[in-house]
Amino acid sequence: MQAMIDLRSDTVTRPTAAMRAAMAAAEVGDDVYREDPTVRRLEERVAELTGKEAALFVPSGTMGNQIALLCHTQRGDEVIAGEGAHCAFYESGAAPAWSGVQFVFAGRGGLFTAADVEDAIKPPQYYLPRTRVVAIENTHNRAGGRVFPQEDVLAIAAVARAHGLALHLDGARIWNAAVASGRPVGELAAPFDTVSVCFSKGLGAPVGSALCGGADAVRAALRFRKMLGGGMRQAGVLAAAALYALAHHGDRIAEDHEAARAIARALREVARGAARGQAAAATAPGAIVEEPETNIVYIDTPGVPAERLVDAARRRGVLVGAAGRTSVRAVTHLDVAPAQVAPAARALAEALAEVLSQPQGRGGAGARA
């Protein structure tokens, strides 16, 4: 049976042999008592990398984001975020359920400016929701792994400070943003009160994220982590994987970005061919494949259900995921070997050519983080 090349997400990676060895050798203790030395080392290391006073190991990025909102808000408050923000789109409605907050979306396509924030802030009237937090996602998943321009971040931070708003960074893929922008993680994180980072996206660890911020915020976060069921016992076996990933897997992220560009190039060749065909047949469907900034490639096929492309790719040995009714996402990662990039690109190009040449058919689409 043909081995599948899995491009559904960078969360599908498996621990390497060396990472498993580090996990097996981890010194552990009960982290609810704050006695796990490996967890504490991880928290100290991540706080150092992000330039924050403290950090808290949590099971998932969703928990990190939601604890941050609990720390910054009261029920009835409003959070400014970009379109398609993970904390609003992919976290099962947790923010209104747990924090009692609502979202207002600024800008277009996931990114926004200081002027957009100014426009979104509510006046301080008792009958309006209180604007309390600005949340930025970097890189932005649904925007195609785009890096949030640091110049815009700094301008947004200045507006937020002027209005007394908290700033939270969903930095699940901050490692990708750092590599793509050439800026250290600490510089990207500097303007924010709290930062959530993920070890199972980009870095290839099996589990875990961290919430970083000031000492007071992290003390409050510790209580919320327990409240949400995130207090773990001998969690050092998981923290050891994250420590190994931080030490050994960060530099190779550039390979994922180059692989994504190679896949996008092959897909754009097919899209250009379909566009040329449209001159002869105006009803023929086309495709839009933007140049990826990091490790995420989005393929938009207006008029063709996403599931048809997903199925055509699967039949050729490549797994991708529907990200909308006519949008498909491919994500490169640690478990995609260099030798697999060209075959994956060819298979996806053939799949795209198939569905564009046979636009009939119906289907639905889901979405994944």
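Is alanine 94 buried or exposed? Select it and have a look: alanine 94 is buried, with a relative accessible area of 8%. Before going further, keep in mind that this is a predicted model.

**Stop 1: around alanine 94**

Alanine 94 belongs to helix H5, which covers residues 94-99. Leave out residues up to four places away in sequence, and alanine 94 touches Gln66 and Ser99. Now add methionine 63 to your selection. Alanine 94 and methionine 63 are 31 residues apart in sequence, yet their C-alpha atoms are 9.2 Å apart in space.

Next, step back to serine 92, in the loop between helix H4 (86-89) and H5. Serine 92 is exposed, with a relative accessible area of 80%. Check its backbone too: phi is positive, about 60°, although serine 92 is not a glycine. Why point that out? Most residues other than glycine have a negative phi.

**Stop 2: H3 meets H10**

Select helix H3 (residues 61-72) together with helix H10 (residues 215-227). Their axes come within 9 Å and cross at roughly 115°, and the crossing is right-handed. To see the contact, show the side chains of Met63, Ile67, Leu70 and Cys71 on H3, then Ala217, Ala220, Ala221, Phe224 and Arg225 on H10. Colour them by class and you should get eight nonpolar residues, one charged and no polar ones.

**Stop 3: the cysteines**

How many disulfides does the structure hold? Zero. Pick cysteine 71 and look for the nearest cysteine sulfur: it belongs to cysteine 212 and is 12 Å away. Cysteine 71 is partly exposed, at 26% relative accessible area. Then jump to cysteine 198. Its nearest cysteine sulfur is also that of cysteine 212, 12 Å away. Cysteine 198 counts as buried, at 4% relative accessibility.

**Stop 4: H2 against H11**

Now bring up helix H2 (residues 37-50) and H11. These two pack at an angle of about 35°, with their axes 8 Å apart, and H2 passes H11 in a left-handed crossing. On the H2 side, show Thr38, Val39, Arg41, Leu42, Arg45, Val46 and Leu49. On the H11 side, show Gly236, Ala239, Ala240, Ala242, Leu243 and Leu246. By class, the residues of this contact are nine nonpolar, two polar and two charged.

Just ahead of H2, in the loop that links it to helix H1 (17-24), you'll find arginine 34. Arginine 34 isn't a glycine, but its phi is positive, about 65°.

**Stop 5: into the core**

Which residues have the most contacts inside the largest nonpolar core? Select Val46, Phe57, Val134, Ile136, Ile156, Trp175 and Phe199. The whole core has 54 residues. Helix H11 (residues 236-248) gives the most to this core, with seven residues.

Zoom in on isoleucine 136. Skip its neighbours within four places in sequence, and isoleucine 136 is in contact with Phe112, Phe148, Val153, Ile156, His168, Leu169, Asp170 and Phe192. There is also a second, separate core of 35 residues, which includes Ile5, Val318, Ala322 and Val328.

For Trp175, select helix H8 (residues 174-181). Buried residues in H8 include Ile174, Trp175, Asn176, Ala177 and Ala178. Go one step past H8 and you reach glycine 182, with a positive phi near 75°.

**Stop 6: on either side of strand E5**

Start with leucine 128, in the loop between helix H6 (114-120) and strand E5 (130-137). Leucine 128 is partly exposed, with a relative accessible area of 27%. Not counting neighbours within four places in sequence, leucine 128 is in contact with Lys122 and Pro123. Then select glycine 76: it is 52 residues from leucine 128 along the chain, and their C-alpha atoms are separated by 9.3 Å.

Finish at the loop between E5 and helix H7 (150-162), where threonine 139 sits. What kind of peptide bond joins asparagine 138 and threonine 139? It's a cis peptide bond, with omega about 0°. That one is worth a look, since most peptide bonds are trans.

Key:
Residues are numbered from 1 along each chain as its sequence is written. This is a predicted model: local features need pLDDT of at least 70, side-chain atom pairs count only at pLDDT 80 or more; totals for chains, interfaces and linings use all residues. Side-chain values use heavy atoms; hydrogens and water are left out. A nonpolar core is a set of buried Ala, Val, Leu, Ile, Met, Phe, Trp, Tyr and Cys residues joined through side-chain atoms within 4.5 Å. Buried means under 20% relative accessible area, exposed over 50%, partly exposed in between (1.4 Å probe, protein chains only). Helices (H or I, at least four residues) and strands (E, at least two) are DSSP runs, numbered from the N terminus. Contact means heavy atoms within 4.5 Å. Axes are lines fitted to C-alpha atoms, for helices over the stretch in contact, and angles run from 0 to 180 degrees between N-to-C directions. A crossing is left-handed if the near helix is turned anticlockwise from the far one by less than a right angle, and right-handed if clockwise. Ala, Val, Leu, Ile, Met, Phe, Trp, Tyr, Cys and Pro count as nonpolar, Asp, Glu, Lys and Arg as charged, and the others, Gly among them, as polar. A disulfide is a pair of cysteine sulfur atoms within 2.5 Å.
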